[in-house]
Amino acid sequence: MTTTSSDREEFRAGLRAFLQAQSSETDVRALIESATGYDPAVWEKLSSQLGVPAVLVPASAGGQGLSYVELAVALEESGRALLTAPVLSSSGVATTALRLARTSPEVQALLGEMATGELIGTLAIPTPGGSLSVDGDAVSGSAGIVMDGQIADRFLVLARDCLFSIPAENAGVRLEPIASLDITRRQQRLELDGAKATLLDRSYAGAEQRLFDIAAILACAEMLGCAQRALEIAVDYAKVREQFGKTIGSFQAVKHLLADSLAKVEQMRGAVAAGVTAASEDAELGEVASVVKAYCSTASAEVVQTLIQVLGGIGYTWEHPAHLYLRRVRTLGMFFGTPADHKRRLAARFSLTGV
Amino acid sequence: MLLDELRAYLDETVPAFRATWGPDPLSWEARCAWQRILAEGKWAAPAWAVENGGRGVGVTDQLAIETLMAEYGMPALPGMLGLKNVGPTIAVWGTSAQKEHLARILSAEEIWCQGFSEPGAGSDLAGLQTKAVEDGDDYVVNGQKIWTSNGMYATHMELLVRTDPDAPKHKGISALCVDMTSPGIEVRPIKQINGHAEFAEVFFTDVRVPKADLLGPANRGWDVTRTTLGNERGGVVIFAARLEQQIRDLIAERAAAREAGVVLDPVENDRFVEHFIQARVIAMLGELMMTRLVAGEAPGAEQSVIKMLWSEELQRLAETRFEYGGLDSVLGDPLAQEYLSSRSATIAAGTSQVVRNILAERVLGLPRD
């Protein structure tokens with residue numbers, strides 16, 4: 001199924017209105033301090049009223065059968081609102097991991113439960129030095145970093161070219177909290193000790209790179225939403241703040257900083273559009289994903305840094321939300337490949353390095 | 001089908017042309033001959049309306065046509081300003097007599113230039129001072145234009161003049177179609193930092209221009225200009241695509257060198273990868289702009305943003321190549337020329353600083369200085 005541009009704008013408008021009411025700055029700050037960091041009532045409404053977790057789930061499994069193009073809209077709005085709900089981790093990355101797996105009743109069942117929002121899944125992102133051993137159906141070792149691990153019902157784990165699904169409540173599953181830079185979305189280390197796992201796909205090696213390429217692009221959609229909002233906050237401030245008898249937005253130095261931010265946000269928009277289109281068309285993703293992720297990671301950081309710069313002193317306070325945007329984009333910038341990782345990958349792709 | 005027809009036409013005409021003029025014909029005569037050949041096949045200005053000698057193609061087809069033409073490596077058309085800017089302006093604003101220029105613009109029988117900038121009016125074009133005073137059936141023009149592309153070769157000029165010095169500056173400007181052989185016109189080439197003279201200064205001393213050659217209504221010249229300057233939306237997308245391709249080609253050369261045993265500098269590698277990322281992203285923004293244009297959406301800031309980004313990336317690339325050329329760059333290598341030429345990219349067609357001001361004020365709504 002495909003959507004038109006005006007379908008997507010309608011979806012965006014509905015989401016934006018919903019999140020303005022349900023994920024305001026006050027809500028986000030309260031959730032940062034709360035036990036689970038997320039509001040199940042908001043997640044329930046995102047699922048039942050707006051169908052966000054169902055976007056990527058194929059119709060055959062009870063979802064909307066849409067593509068990364070549509071999910072990107074939801075991710076942008078999530079970034080804009082600093083939503084603490086698991087849109088990226090569950091509706092995006094984990095759902096993608098399942099979509100890329102060999103079809104089976106287990107996979108379809110998981111997708112179906114994720115589509116309704118009743119099941120939250122999250123992928124364990126392997127870290128260098130971590131390794132897993134598999135003994136029958138028991139998995140042990142350091143599975144990697146999970147986003148939203150504290151609220152996940154299922155962990156998707158990559159081990160030995162296989163994709164496994166592990167219920168969070170199983171014995172041998174331990175989450176070690178991380179004091180992450182992004183306080184609006186929690187991450188943990190997933191440690192397994194003989195945890196019983198369901199094997200979903202025994203030859204996942206080919207899908208794994210594609211999964212990380214798509215995850216990188218989806219992260220950029222969220223970063224785009226953050227950057228767009230950061231630009232708006234900066235412009236709004238520049239229009240009202242007065243110094244030397246004038247609004248600071250009339251100073252060319254400030255105007256030029258914001259014009260540069262606009263150019264970066266526009267480029268991010270073009271990059272994300274190219275990325276989700278390529279991902280949705282089953283095109284080869286290596287080059288696109290690396291270009292998009294390298295660019296958006298750097299550009300989004302610069303746009304939010306410029307926000308802080310234009311805000312002046314108040315931009316440096318905990319009280320102003322600017323640092324929340326900074327934390328989110330800098331953290332996402334490091335996941336699924338840093339700019340340096342992607343540049344190395346491109347260099348190797350172009351045969352500038354390697355054997 | 002359109003592209004098949006074009007390919008067939010080019011396959012038929014290009015070899016014959018090369019046989020006549022040589023493999024790499026850059027002379028003015030050769031370029032005019034090539035434009036005539038394209039005009040005969042109705043390929044000189046495919047975006048023009050059919051009744052004006054074009055094919056009425058839309059923006060996506062236009063881009064595809066230009067991309068295909070670029071593959072054949074033929075020389076740039078000498079009448080480009082007429083084809084892209086002046087012709088479309090005459091098509092919108094011209095009288096039926098003025099529209100007779102269109103066929104001659106297509107065939108390169110007429111070569112048009114644009115007399116816009118003046119020594120005192122560059123970024124602030126609306127401040128132009130070249131005066132046109134009514135005298136019987138003519139305007140009498142006095143003043144000076146500068147940075148006139150094609151000025152030395154042009155047969156005609158689309159000239160912006162001040163016809164009402166008392167009106168607010170944007171509202172006292174008119175556009176005239178001027179025959180460059182008129183008495184009182186003197187053309188002098190401007191030598192640039194790279195040694196070439198691609199532009200001219202044009203001096204007007206009591207030049208008589210018939211009132212019948214007024215293009216559009218009197219004192220509405222600024223609106224007439226908007227047609228000209230706003231015309232080529234797809235153009236920036238082509239520049240962006242070409243820049244991306246240039247960088248791909250440079251990277252492929254480096255890879256080939258490595259294959260041949262050259263040890264590549266990792267820092268230089270990183271620079272080229274950065275260039276690739278930047279050029280590719282600019283091209284992606286161009287693709288997004290095209291998608292919006294094709295969907296009939298009103299164009300936003302993309303065109304100015306792309307022009308600004310493209311010009312700055314072009315300069316950075318020339319800088320990288322010049323820098324890594326080392327001593328050779330300054331001892332006679334053509335990289336020096338590329339570097340010198342690149343300095344105009346952020347000045348011509350809107351300086352980067354003015355573009356930023358415009359983006360900040362018109363797109364972001366920030367107050368004027």
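**Exercise 1. Find out what share of the 369 residues of chain B count as buried.**

Solution. Buried residues have under 20% relative accessible area. In this predicted model, 50% of the 369 residues of chain B pass that test. Now turn to the outside: the accessible surface of chain B comes to about 17,200 Å², and carbon and sulfur atoms own 55% of that area.

**Exercise 2. Decide how compact chain B is for its length.**

Solution. Start with the parts list: chain B has twelve helices and eight strands. Next, compare two numbers. The radius of gyration is 22 Å, and the globule rule gives 21 Å for 369 residues; these are close, so chain B is as compact as a globular protein of that length. For the overall dimensions, the C-alpha trace spans about 75 × 55 × 45 Å along its principal axes. Finally, look at the contacts between residues at least 6 apart in sequence: 68% of them join residues at least 24 apart.

**Exercise 3. Explore the largest nonpolar core and locate its best-connected members.**

Solution. Begin with a general idea: in soluble globular proteins, nonpolar side chains tend to be buried together. Here the largest nonpolar core holds 167 residues. Those touching the most other members are Leu46(A), Val157(A), Leu190(A), Leu192(A), Leu258(A) and Phe336(A). Helix H7 of chain A (residues 205-240) supplies the largest share of this core, 22 residues. Then zoom in on Leu46(A): leaving aside neighbours within four places in sequence, its contacts include Leu15(A), Phe18(A), Pro53(A) and Val87(A). Last, find the second, separate core: it has 39 residues, among them Ile90(B), Leu125(B), Ala126(B) and Val224(B).

Terms used: Residues are numbered from 1 along each chain as its sequence is written. Chains are lettered from A and ligands numbered from 1 in the order in which they are written. This is a predicted model: local features need pLDDT of at least 70, side-chain atom pairs count only at pLDDT 80 or more; totals for chains, interfaces and linings use all residues. Side-chain values use heavy atoms; hydrogens and water are left out. A nonpolar core is a set of buried Ala, Val, Leu, Ile, Met, Phe, Trp, Tyr and Cys residues joined through side-chain atoms within 4.5 Å. Buried means under 20% relative accessible area, exposed over 50%, partly exposed in between (1.4 Å probe, protein chains only). Helices (H or I, at least four residues) and strands (E, at least two) are DSSP runs, numbered from the N terminus. Contact means heavy atoms within 4.5 Å. The radius of gyration is taken over C-alpha atoms; the globule rule is 2.2 Å times the number of residues to the power 0.38. Accessible areas come from the Shrake-Rupley method with a 1.4 Å probe; for residues, only the protein chains shown count as cover.
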